[in-house]
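Got the viewer open? Let's take a short walk through this one, selecting a few things as we go.

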Amino acid sequence: MATAVDSVGADAGDSADGGAEYERAFDAAVAADERIEPRDWMPDAYRATLVRQIAQHAHSEIIGMQPEANWITRAPSLRRKAILMAKVQDEAGHGLYLYSAAETLGTGRDELLDKLHSGRQKYSSIFNYPTLTWADVGAIGWLVDGAAITNQVPLCRCSYGPYARAMVRICKEESFHQRQGYELLLALSRGTPEQHAMAQDAVDRWWWPSLMMFGPPDTESQHSAQSMAWKIKRHSNDELRQRFVDICVPQAESLGLTLPDPDLRWNEERGQHDFGPIDWTEFRDVLAGNGPCNEERLTRRRRAHEEGAWVRESAAAHAAKHTTGETGATHG
Amino acid sequence: MTTTPRSGTRAPSRDAVLTAAALALGDDALVLSHRLGEWVGHAPVLEEEVALSNIALDLLGQARVLLSMAGDEDELAFLREERAFRNLQLVEQPNGDFAHTIARQLYFSTYQYLLHTELAAGDGPLAPLAGKAVKEVAYHRDHAEQWTLRLGDGTDTGHTRMQRAVDALWRYTGEMFQPVEGLDVDWPDLETSWLERITQVLGRATLTVPGSPRTGAWAAGAGRQGLHTESFGRMLAEMQHLHRSHPGAAW
């Protein structure tokens, strides 16, 4: 609870002095690592940044269902099919938590979905890459979920309470998904030569896009400084990217797979891995809508929404008819 | 390892009967689960992404237990040809629009609920499984009934589409009550209970109970004999292709 903010007089915001007092209280709460809650005063820019970030996070969960759902009907064993279905279901659930968190900031899910569908809000660029083989499902679990966890664990301590709490729940499930992805790749790596090659090919295609998930380099990241000051973000893009590389290298070794970077090597002096340059042109292209699947992903999402309009309308009409409760939606 | 039951000259053993029954019910769950899995990423509202995949996952869980009673679950799922599958034709019907999916769910989950309730009350080898499944299926039936009401008694469009779906799938409902050997069930009684429940739900949803025959030109029970509809082969081709492309591989 942001008690420092709560304690400011209720009408203090009406005067310029009062506004400044609110701001000081907010800054003090953030500095003291207190959580900001929905009814607390917060700077407009803080609110706007959070709406943007949480909404894009929610959109990523929803769009992120597509590349994996692409393999549900083709999963090669019933056990793997069950795991994949459960995972994609979790992602829809994460999307729902996150839209709820965003709604505490005074926006609505419908409005956010409209922004997604019209391209005014983005989702993670990683989901614009295609899943071409079954091994991609494993590579997404290991690398994409791994990168997401590296990014998201610090968000569990984010200054905005509803977001931080959503992240605690999400991170638990994500780390489960990540282990499943790793285990899937391990089974392939130790399988037939064809399976091993399939796993290596998937890692070769997903490695660099996963590194791009941490965002542009610190020198070009437009929101970073302010987000860190507000304790929405706790670490810079490059710090998190480095941490991820250092985690992945030994994991790749135990998987028996290589990472597609000839410059990747241990740097004794830094105590970290050096790695090769990221193709930021590709990153910007994908972000600008020109990645391999941008068009397909958005089109599919829009189509699901448009084709489902009559269902939502019918449910609303039914609810309106039966609000007095004589029959209807609450009966079993 | 036991695979598909073969019709032999000898009378089938008790094990063979159980295998055939487990296969019939396991195939129902497997095939419907697969169809629901096709919805993922296409649902009309996010809550339905969760609900449909949840139901699909329950059914897949049931299928795995049942197929494992009959043999190796993956061999049975991925290496049998279309003619060896014993599922009802109802569950293999394409998803169609949301109303078709809901009508299929309504018909099947009502049947499955009644069947599992009866099996769970008996002392047959499937009783423990049915006891667990009935809890899941109660939720599936509730989900289907709620949506039948929302679509049937919502907008005009919803009503028209729901009625169309209810009508279109009606002819696949007769085969559900063809006795499955090895299941100690009062089939005519099951059918009566099913019709009562369906009539009641459709009535509350302001829909008309179809007056058309409940079987198509195929004899009722065709699916149980391995006679399927055309779209089923394509569904299996998709489901099985990866597994079949890597003979003997472990996943």
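Start by selecting Arg224(B): is this residue buried or exposed? Arg224(B) is buried, with a relative accessible area of 12% (buried means under 20%, exposed over 50%, partly exposed in between, using a 1.4 Å probe and protein chains only).

A word on the ground rules: this is a predicted model, where local features need pLDDT of at least 70, side-chain atom pairs count only at pLDDT 80 or more, and totals for chains, interfaces and linings use all residues. Residues are numbered from 1 along each chain as its sequence is written, chains are lettered from A in the order in which they are written, and side-chain values use heavy atoms, without hydrogens and water.

Now add Asp28(B), which makes a salt bridge with Arg224(B), the closest N and O atoms being 2.9 Å apart (a side-chain nitrogen of Lys or Arg within 4 Å of a carboxyl oxygen of Asp or Glu). Asp28(B) sits in helix H1 of chain B and Arg224(B) in the loop between H8 and H9 of chain B, so the pair ties together parts 196 residues apart in sequence. Helices here are DSSP runs (H or I, at least four residues), numbered from the N terminus. Asp28(B) is buried too, at 2% relative accessible area.

Next, select helix H9 of chain B, residues 230–245. At 1.5 Å a residue, its 16 residues should span 22 Å (1.5 Å times one less than the number of residues), and the end C-alpha atoms are 23 Å apart, which agrees. Look for a bend of about 40° at Met239(B), taken as the angle between axes fitted to the seven residues ending there and the seven starting there. Met239(B) is one of the buried residues of H9(B), which also include Phe232(B) and His243(B). The buried residues of H9(B) pack against partners in both chains, among them helix H5 (78–103) of chain A and helix H1 (14–37) of chain B.

Show both chains now. Here, 53 residues of chain B are in contact with 50 of chain A (heavy atoms within 4.5 Å). The area buried between them is about 4,400 Å², with carbon and sulfur atoms giving 64%; this is the accessible area (1.4 Å probe) that two parts lose on being put together, summed over both.

Which residue forms a salt bridge with Lys321(A)? Pick Asp153(B): its closest N–O distance to Lys321(A) is 3.0 Å. The rule finds 2 salt bridges across this interface.

Conventions:
Helices (H or I, at least four residues) and strands (E, at least two) are DSSP runs, numbered from the N terminus.
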